[in-house]
Amino acid sequence: MKSRPRVGAVGELAIPTEAKHAVEFAGNGMPAVLSTPNLIGFLERTARETIAACLDADERSVGIEIDLKHLAPTPIGQTVHCSARVISVADRQVLFQIEARDQHGLIARGLHKRAIIRLDKFSKRVSEKAR
């Protein structure tokens, strides 16, 4: 790592929702709302980008754990504002407090852990499993 992620560092992203982010069962009376898997992706991206500048060129962060409460629906077309705050750093693992809001308020909150990996070692493990 170039530098250790700083506890208290916060990253934020604003992501407009599109039809591709809707629950797959929208229709027949079910409104098109942001799906939980897409919301998780938004929050993981926010955390990843929060610590990206701390990593060496041959490193990446990968999600290894998430504990999320999806509290409210967000209609497609609204923007989701995501935040990820570093709350602890232990060796090569970073723990974040994550939140997402839409124009009406809080829609999700939880914890997310990412591991810092070296691309060469990670690629080797993937290749071995692909045999």
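## A tour of the sheet, its helices and its charged network

Start by selecting Ile15 and Val80: Ile15 stands opposite Val80 of strand β3. Keep in mind that this is a predicted model.

**Stop 1: the strands around that pair**

Now select residues 79-90, which are strand β3. Its antiparallel neighbour here is β1, and seven bridges join the two. Look along this pairing for Glu12. Which residue of β3 stands opposite Glu12? Ser83 does.

Move to the other neighbour, β4. Nine bridges join β3 to β4, and these strands also run antiparallel. Pick out Ala84 to see one example: its bridge partner in β4 is Ile98. Then go to the hairpin of β3 and β4. Two residues lie between the strands. Click on Asp91 in this hairpin; Asp91 takes a positive phi near 55°.

**Stop 2: the whole sheet**

Zoom out and show the strands together. In what order do the five strands lie? Read across the open sheet and you find β1-β3-β4-β5-β2, with antiparallel pairing. Select 10-16 for β1 and 59-70 for β2. Why is one side of each left without a neighbour in the sheet? Both stand at the edges and have a single partner strand each, so there is no neighbour on one side. Turn the view to follow the twist: on average, neighbouring strands are turned by 25° against each other, direction ignored.

**Stop 3: two helices on the sheet**

Select residues 36-51 for helix α1, which packs on the sheet. The strands touched by α1 are β1, β2, β3, β4 (93-102) and β5 (105-118). Compare directions: α1 makes an angle of about 55° with β3.

Next, select residues 119-130 for helix α2. This helix packs on the sheet too, touching β2 and β5. Its direction is at about 90° to that of β5.

Stay in α2 and click on Lys124, which has its place in this helix. Is Lys124 buried or exposed? The cut-off for exposed is over 50% relative accessible area. Lys124 has 54% relative accessibility, so it counts as exposed. Now draw a line from Lys124 back to Glu12. Their C-alpha atoms are 33 Å apart, and 112 residues separate them in sequence.

**Stop 4: the nonpolar core**

Show side chains for Leu39, Val80, Val86, Val94, Phe96, Ala100 and Ile107. These have the most contacts inside the largest nonpolar core, which has 22 residues. Val80 is familiar from the opening pair, opposite Ile15. Which elements give two or more residues to this core? They are β1, α1, β3, β4 and β5. In soluble globular proteins, nonpolar side chains tend to be buried together.

Center on Val86 and look around. Leaving aside neighbours within four places in sequence, its contacts include Arg6, Val7, Gly8 and Ala9. Thr50 and Ile51 are also among them. So are Val94, Leu95 and Phe96.

**Stop 5: the charged network**

Finish with the salt bridges. How many does the structure hold? There are seven. Side chains of opposite charge can pair when their charged atoms come close.

Select Arg118 and Asp58 for one of these salt bridges; their closest N and O atoms are 3.4 Å apart. This pair links distant parts of the chain, 60 residues apart. Arg118 is in strand β5, while Asp58 is in the loop between α1 and β2. Both are partly exposed: Arg118 has a relative accessible area of 29%, and Asp58 has 35%.

Now add Arg92 and Glu59. Their side chains meet in a salt bridge of 2.8 Å, N to O. Here 33 residues separate the partners: Arg92 is in the loop between β3 and β4, Glu59 in strand β2. Arg92 is partly exposed, at 25% relative accessible area. Glu59 counts as buried, at 1% relative accessibility.

Go from Glu59 to Arg118. These two form a salt bridge as well, with the closest N and O atoms 3.4 Å apart. Arg118 lies in β5 and Glu59 in β2, so the pair ties together parts 59 residues apart in sequence. For the last view, select Asp58, Glu59, Arg92 and Arg118 together. Salt bridges that share partners join these four into one network.

How values were computed. Residues numbered from 1 in each chain as written. Predicted model: local features only at pLDDT ≥ 70, side-chain atom pairs only at ≥ 80, totals over all residues. Heavy atoms only, no water. Pairing = 2+ DSSP bridges. Helix = DSSP H or I, 4+ residues; strand = E, 2+ residues; numbered from the N terminus. Axes fitted to C-alpha atoms, helices over the stretch in contact; angles between N-to-C directions. Contact = heavy atoms within 4.5 Å. Buried < 20%, exposed > 50% of the residue type's maximum accessible area, 1.4 Å probe, protein only. Core = buried A, V, L, I, M, F, W, Y, C linked by side-chain atoms within 4.5 Å.
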